Amino acid sequence: MRLLWLVPVVPTLILFYLPLSVILAEALKGGEGPSPFVRLFSNPYTFRVIGFTLWQALVSTGVSLMLGLPGAWLLGRATFPGKRLLKALTAIPFVLPSILVVLAFVIFYGNSGVLNRFAMGVFDLKRPPFPILYSFSAIVLAHAFYNFPLAARLIGGFWERHNDGPALAARTLGAGPVRCFLTVTLPGLLPAIFSAAGLIYLFCFMSFAVVLVLGGGPRYTTIEVEIYRAARISLDLDMAAALAVVGAGLTLSMLWITVKMQHRASHAVRGQASRRGTLRLSGKARIFWGFYILLVVLVVASPLVALVVRSFLAQVSRSGPLVWTLKWYDVLFTESGSALSLMAVKNSLVFASLTVCAALPLGMAAAWVTTRSQGVWARFTETAMMLPMGVSSVVLGLGYFKCLALFFPDYSGSRAAVVAAHVVVAYPFVLRSVSASLKRISPSLPQVARTLGAGPFQTFLTVELPLIRSGLVGGACFAFALSMGEINATLILARADTITIPLALYRLIGAYRFFAACALGTLLMGLCVVCFLLLEWMGGESLDPERE
Amino acid sequence: MTLNVNDLFRRYGDFQLRVNLTVSKGEFLSVIGPSGCGKSTLLRMVAGLESADAGSIDLNGREISHEPPEKRGIGMVFQDYALFPHMSVAENVAYGLKLRKVGKKDRESRVRELLALVRLTDKADEFPATLSGGEQQRVALARAIAPNPSVLLLDEPLSALDARLRIDLRREIREVHDRLSLTTLYVTHDQEEALTLSDRIAVMKGGEILQTGTPKGLYERPGHLFTGMFLGLSNTLAGRVEQGWFVTDSGTQVVRWGGPDGPGTLFFRPHHVVLHESPSGIGLSFVVKRVEYCGAWTLVHVVSGAHRVIVFEARDTLWEEGRSGRLEVLPGEGLFFPGLT
């Protein structure tokens with residue numbers, strides 16, 4: 001029992017800390033000539049990349065928060081028909097692969113995309129009126145698309161359990177609604193806002209596919225993209241390693257700050273009694289909020305709808321009209337010459353299944369150790385197990401890339417490494433999901449089972465396991481969806497035998513074969529939506545801020 | 001089954017728990033004390049949910065303090081019921097029987113029998129979430145006694161229920177105990193529960209058992225001032241014994257008292273007092289501060305100088321706020337605890 005903490009820690013050491021150490025060692029050692037760090041920091045381009053990474057994350061976070069706050073109020077305080085559905089929809093971006101969002105953006109906002117064509121048609125314009133794509137605003141828009149539902153959900157969840165007693169007291173003491181919000185409610189929400197902002201900033205900082213494709217060039221390059229370019233395009237592995245060390249250092253310190261803020265947020269919750277918000281929407285407010293919801297649904301849904309619709313359309317001739325067809329799906333799987341897509345689907349399913357099989361026990365063991373035992377080792381385990389969240393999967397992929405070269409120089413594939421990377425990406429989410437359900441079990445339940453004659457293992461099987469089932473299913477869905485959509489580490493590790501759906505999508509986009517990309521993307525989206533539905537069916541609890 | 005707790009010791013920082021206790025076969029013993037006195041910890045150590053630093057626990061001569069909880073053969077009822085939310089009432093009760101490999105048929109008949117005992121036969125297939133607090137506690141009781149434990153441990157089982165339900169349920173717990181002659185260790189901070197339920201009470205304070213005795217013995221002849229004040233309503237007057245009298249600090253003679261001279265505290269119950277209208281005679285002069293009508297009786301709060309005294313009066317008492325008189329402590333009824341307080 002005492003050594004149980006080794007069960008989650010040892011795999012993590014091998015799967016996460018080993019590749020990370022290899023990068024660090026290589027970066028410090030370097031090849032011939034000056035140290036890669038010296039080369040890195042003597043180039044002003046490096047500072048521009050770091051600066052841009054920080055800046056785009058800041059702007060994206062700001063936009064996400066501004067879009068998300070009204071939604072947080074809706075989810076936290078108001079009651080209206082369809083609230084449950086709206087809350088469920090905020091989880092969609094979580095399970096949507098980034099490459100799919102990229103594709104949807106290209107289809108919808110591209111210069112010959114749905115939006116521009118529509119505007120050109122209606123207003124009879126010669127040039128596309130919204131040249132959004134391949135620019136800074138495309139990056140920010142995509143990040144906001146991803147993260148403002150997260151902001152609404154996290155802050156809304158906090159708001160819902162936030163005691164409104166002090167606010168009501170302020171009103172009876174003579175504060176108007178605005179003053180009351182600014183002086184009482186907002187300070188109370190700040191921990192949640194900071195905590196959500198920290199998380200979103202981290203996500204945007206580590207964003208890869210969005211910047212790689214929508215940024216469209218060296219002008220809009222972040223650290224993650226630069227690592228990929230150095231490793232796989234300019235083949236300067238030392239430089240990539242040095243950059244990865246810098247990136248990991250930055251993200252880990254951000255994670256540290258975020259965790260600190262989350263602790264403060266949860267303390268703030270504990271101190272206050274909860275009362276559910278029951279504000280009914282009426283009259284003018286209804287129109288305003290109806291407009292907000294409509295806008296949100298349009299912004300989030302239309303690119304995705306466009307993607308699905310496009311996959312069923314084909315042009316008869318070069319300038320002919322569009323007709324409905326299943327041709328692209330047919331082409332996907334029967335294309336002569338290369339059965340690329342078929343192989344990608346097969347690989348993705350295999351990788352995702354293996355990821356679930358490995359991440360589930362790993363995350364469950366970690367959750368059990370960190371919630372059920374006390375003392376130094378439990379805390380150590382918790383920290384050791386959460387650190388992977390603060391290192392981007394691009395860095396992780398690079399680590400595996402180096403490990404493969406170092407330990408298996410004769411191995412020409414990378415399937416095992418891809419699965420390992422997916423496991424490291426996925427298990428912290430399993431850990432979170434399972435911990436949330438474990439924490440809800442009263443400590444006297446396993447104790448009473450023991451007094452009734454069940455040993456520790458029997459207690460786990462008959463009492464705890466059935467009670468964390470929803471957390472496990474949620475975690476498994478997460479792991480599956482994350483693996484299906486993972487492109488960062490996969491792209492860095494890409495070899496002939498590891499083509500996955502996201503990689504195939506990336507290549508199809510690169511080759512401007514958008515119809516085929518849409519068909520494959522729709523397939524991927526379908527799989528992810530199934531995961532999402534399962535997740536919601538299980539209560540979607542794994543996404544919400546932790547309850548004490 | 002006799003339960004023996006010998007020199008059980010556990011240290012938590014500054015707090016030390018040191019207990020000797022015997023619960024005889026078929027006895028209902030309550031451990032009572034203020035919160036933080038270590039009574040729940042004692043119970044959890046007997047159950048095996050917490051370990052002791054030293055000492056032994058034996059059950060009918062079998063040393064169990066090093067056995068895990070599942071090997072001890074005890075039954076425990078928790079304060080929060082701890083019903084398994086994913087199992088029906090019947091499955092909850094059958095849980096311990098299943099682990100003891102009781103056959104399906106015997107199991108079912110035993111579950112039926114127990115549910116009948118706690119009057120929940122019609123709730124067998126329901127889930128805990130649909131039951132009321134009192135029903136949940138009865139399921140917890142049935143589940144704990146299902147595997148025929150040697151000792152039944154109850155950790156403040158009624159504290160989460162409302163007052164009226166508590167009275168019903170405590171009678172029920174006692175009836176179940178009598179029917180099965182279960183050796184029972186009951187932990188509570190509610191003195192009324194302890195008085196009404198127990199064969200014997202152990203009073204605990206600061207990690208140690210102060211004294212044990214029958215409810216009547218402890219109530220009427222408490223060996224410690226703390227015991228007397230903890231069980232039931234009481235009055236205390238600080239003062240000294242002087243030449244055959246108890247004299248208050250302010251110098252008034254209250255009641256004749258034999259025994260050696262010296263400072264101490266006079267202890268008496270609210271029904272050991274008579275209130276007189278005439279101001280002359282032995283006793284303390286007082287003013288009525290407040291009269292509380294309690295239905296079956298009246299509680300009169302009086303003030304005499306710096307002392308406050310509560311007195312039971314009949315429900316149709318004539319005493320009312322502001323009236324004054326003389327208070328007499330019935331000779332031979334109070335207790336004197338020597339020593340400075």
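Is B:Asp53 buried, partly exposed or exposed? B:Asp53 is partly exposed, with a relative accessible area of 46%. Buried means under 20% relative accessible area, exposed over 50%, and partly exposed in between (1.4 Å probe, protein chains only).

This is a predicted model, in which local features need pLDDT of at least 70, side-chain atom pairs count only at pLDDT 80 or more, and totals for chains, interfaces and linings use all residues. Residues are numbered from 1 along each chain as its sequence is written, chains are lettered from A and ligands numbered from 1 in the order in which they are written, and side-chain values use heavy atoms, with hydrogens and water left out.

**Surroundings of B:Asp53**

B:Asp53 sits in the loop between α1 (39-47) and β4 (54-59) of chain B. Helices (H or I, at least four residues) and strands (E, at least two) are DSSP runs, numbered from the N terminus. Leaving aside neighbours within four places in sequence, B:Asp53 is in contact with B:Phe9, B:Arg10 and B:Arg11. Contact means heavy atoms within 4.5 Å. B:Asp53 and B:Arg10 are 43 residues apart in sequence, yet 4.9 Å apart in space, C-alpha to C-alpha.

**A sheet in chain B**

Five strands of chain B form an open sheet in the order β15-β19-β16-β17-β18, with antiparallel pairing. β15 (273-276) and β18 (307-313) of chain B stand at the edges with a single partner strand each, so one side of each is left without a neighbour in the sheet. Neighbouring strands of this sheet are turned by 45 degrees against each other on average, direction ignored. Axes are lines fitted to C-alpha atoms, for helices over the stretch in contact, and angles run from 0 to 180 degrees between N-to-C directions.

Strands of a sheet pair through backbone hydrogen bonds, either parallel or antiparallel. Two strands count as paired if DSSP finds at least two bridges between them. β15(B) and β19(B) pair in the antiparallel sense over four bridges. B:His276 has B:Arg326 as its bridge partner in β19(B). Four bridges also join β16 (residues 284-293) of chain B to β19 (residues 324-329) of chain B, again antiparallel. Here B:Val287 has B:Ser324 as its bridge partner in β19(B). The covered face of β15(B) holds B:Val273 and B:Leu275, and the uncovered face holds B:Val274 and B:His276.

**Chain A overall**

Chain A has 25 helices and four strands. Its radius of gyration is 24 Å, close to the 24 Å that the globule rule gives for 548 residues, so chain A is as compact as a globular protein of that length. The radius is taken over C-alpha atoms, and the globule rule is 2.2 Å times the number of residues to the power 0.38. Along its principal axes the C-alpha trace of chain A spans about 65 × 60 × 50 Å. Buried residues make up 54% of the 548.

**Cysteines**

The structure holds zero disulfides over all chains. A disulfide is a pair of cysteine sulfur atoms within 2.5 Å. Two cysteines of chain A, neither in a disulfide, are listed here.

| Residue | Nearest cysteine sulfur | Relative accessible area |
|---|---|---|
| A:Cys204 | A:Cys528, 20 Å | 1%, buried |
| A:Cys477 | A:Cys531, 5.3 Å | 6%, buried |

**Positive phi**

A:Asp124 has phi near 55 degrees, a positive value in a residue other than glycine. A:Asp124 lies in the loop between α7 (114-123) and α8 (136-161) of chain A. A:Asp124 is exposed, with a relative accessible area of 62%. B:Asp7 is not a glycine either, and its phi is positive at about 50 degrees. B:Asp7 lies in strand β1 (residues 3-12) of chain B.
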